[in-house]
Amino acid sequence: MTINGFSYIISYTLKTQHQRITTPLTDTKIRTAKPLEKDYTLSDGSGLYLLVKSIGTKIWRFNYYHPTSKVRTLVSFGSYPEISLADARLKRDEARQLLAKGIDPQQYKKDQLKLLRDEQNNTFEKVATDLV
């Protein structure tokens, strides 16, 4: 805009909801992450992050809101490199799908393990030995 021969730049700021933009992790960045004096995190986005402990271990964690109580909840997916970046992302996506249905991922996993144990303990041999 020009007024009286002077140019003015008018800037407009749009008021939007602030969201943190997180660059996804790369395997190289994870491998080169060195332990420091204090624990620190490397965020991958959508609640998934890698906790780098001061002793050198790297643990995948997922932060979410519990579907019923709306309290922030933390679940661990395992340690790197046993659980790769791709595997951690798959686990995060599965957990987010459960959350979208109103199911707590931790409780779902416990229920599935209980069903599996019940199936394994409910064999003919087990029932026969219990009766004797």
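## Pockets in a predicted model

A pocket is an open set of grid points where a 1.4 Å probe fits, with protein on both sides within 12 Å along at least five of seven lines. By this definition, the second largest pocket of the structure, which is a predicted model, has a volume of about 170 Å³. The largest pocket has a volume of about 300 Å³. In general terms, rolling a probe the size of a water molecule over the atoms reveals where empty space is left.

## The sheet

The strands form an open sheet of four, in the order 3-4-5-6, and the pairing is antiparallel. Strand 3 and strand 6 are the edge strands; each has a single partner strand, so one side of each is left without a neighbour in the sheet. From one strand to the next, the twist averages 25 degrees. Helix 2 packs on this sheet and touches strand 3, strand 4, strand 5 and strand 6. The direction of helix 2 makes about 15 degrees with that of strand 5.

Strands of a sheet pair through backbone hydrogen bonds, in either a parallel or an antiparallel manner. Here, strand 3 (residues 40–45) and strand 4 (residues 48–52) run antiparallel and are joined by five bridges. Within this pair, Leu 42 has Leu 50 of strand 4 as its bridge partner. Strand 4 also pairs with strand 5 (residues 58–65), again in the antiparallel sense and over five bridges. In that second pairing, Leu 48 has Phe 62 of strand 5 as its bridge partner.

## The hairpin and its turn

Strand 3 and strand 4 form a hairpin with two residues between them. Ser 46 is located in the loop between these strands, and its phi is near 55 degrees, a positive value in a residue other than glycine. Ser 46 is partly exposed, since its relative accessible area is 42% and the partly exposed class lies between 20% and 50%.

## Backbone features in other loops

Most residues other than glycine have a negative phi, and most peptide bonds are trans. Like the turn of the hairpin, the following loops depart from this pattern.

Lys 70 is found in the loop between strand 5 and strand 6. Its phi is near 60 degrees, a positive value in a residue other than glycine. With a relative accessibility of 58%, Lys 70 counts as exposed, because the exposed class begins over 50%. A cis peptide bond joins Tyr 80 and Pro 81, with omega at about 15 degrees. Pro 81 lies in the loop between strand 6 and helix 2.

## A buried arginine in helix 2

Is Arg 92, a residue of helix 2 (residues 85–100), buried or exposed? Its relative accessible area is 10%, and buried means under 20%; Arg 92 is therefore buried. Not counting residues up to four places away in sequence, Arg 92 touches Asp 44, Gly 45, Ser 46, Leu 48, Phe 62 and Phe 77. Among these contacts are Ser 46, the residue with positive phi in the hairpin turn, and both Leu 48 and Phe 62, which are bridge partners.

## The largest pocket

Which elements give two or more residues to the lining of the largest pocket? The lining comprises Val 75, Ser 76, Phe 77, Lys 91, Glu 94, Ala 95, Leu 98, Pro 105, Gln 106, Tyr 108, Lys 109 and Gln 112. The elements in question are strand 6 (72–80), helix 2 and helix 3 (105–121). Helix 3 provides the largest share, five residues. By class, the lining has six nonpolar, three polar and three charged residues.

Two members of this lining are Glu 94 and Pro 105. Glu 94 lies in helix 2 and counts as partly exposed, at 47% relative accessibility. Glu 94 and Pro 105 are eleven residues apart in sequence, and their C-alpha atoms are 8.4 Å apart in space.

## The second largest pocket

The second largest pocket is lined by Ser 43, Gly 45, Ser 46, Gly 47, Leu 48, Tyr 49, Asn 63, Arg 72 and Arg 96. Strand 3 and strand 4 each supply at least two residues of this lining. By class, the lining has two nonpolar, five polar and two charged residues.

Several residues described above return here. Gly 45, Ser 46 and Leu 48 belong to this lining and are also touched by Arg 92.

Technical notes: Residues numbered from 1 in each chain as written. Predicted model: local features only at pLDDT ≥ 70, side-chain atom pairs only at ≥ 80, totals over all residues. Heavy atoms only, no water. Pairing = 2+ DSSP bridges. Buried < 20%, exposed > 50% of the residue type's maximum accessible area, 1.4 Å probe, protein only. Contact = heavy atoms within 4.5 Å. 1 Å grid on protein atoms, 1.4 Å probe; cavity = no way out; pocket = protein on both sides within 12 Å on 5 of 7 lines; lining within 4 Å. Points joined across faces, edges and corners; volume = space filled by probe spheres on them. Nonpolar A, V, L, I, M, F, W, Y, C, P; charged D, E, K, R; others polar. Axes fitted to C-alpha atoms, helices over the stretch in contact; angles between N-to-C directions.
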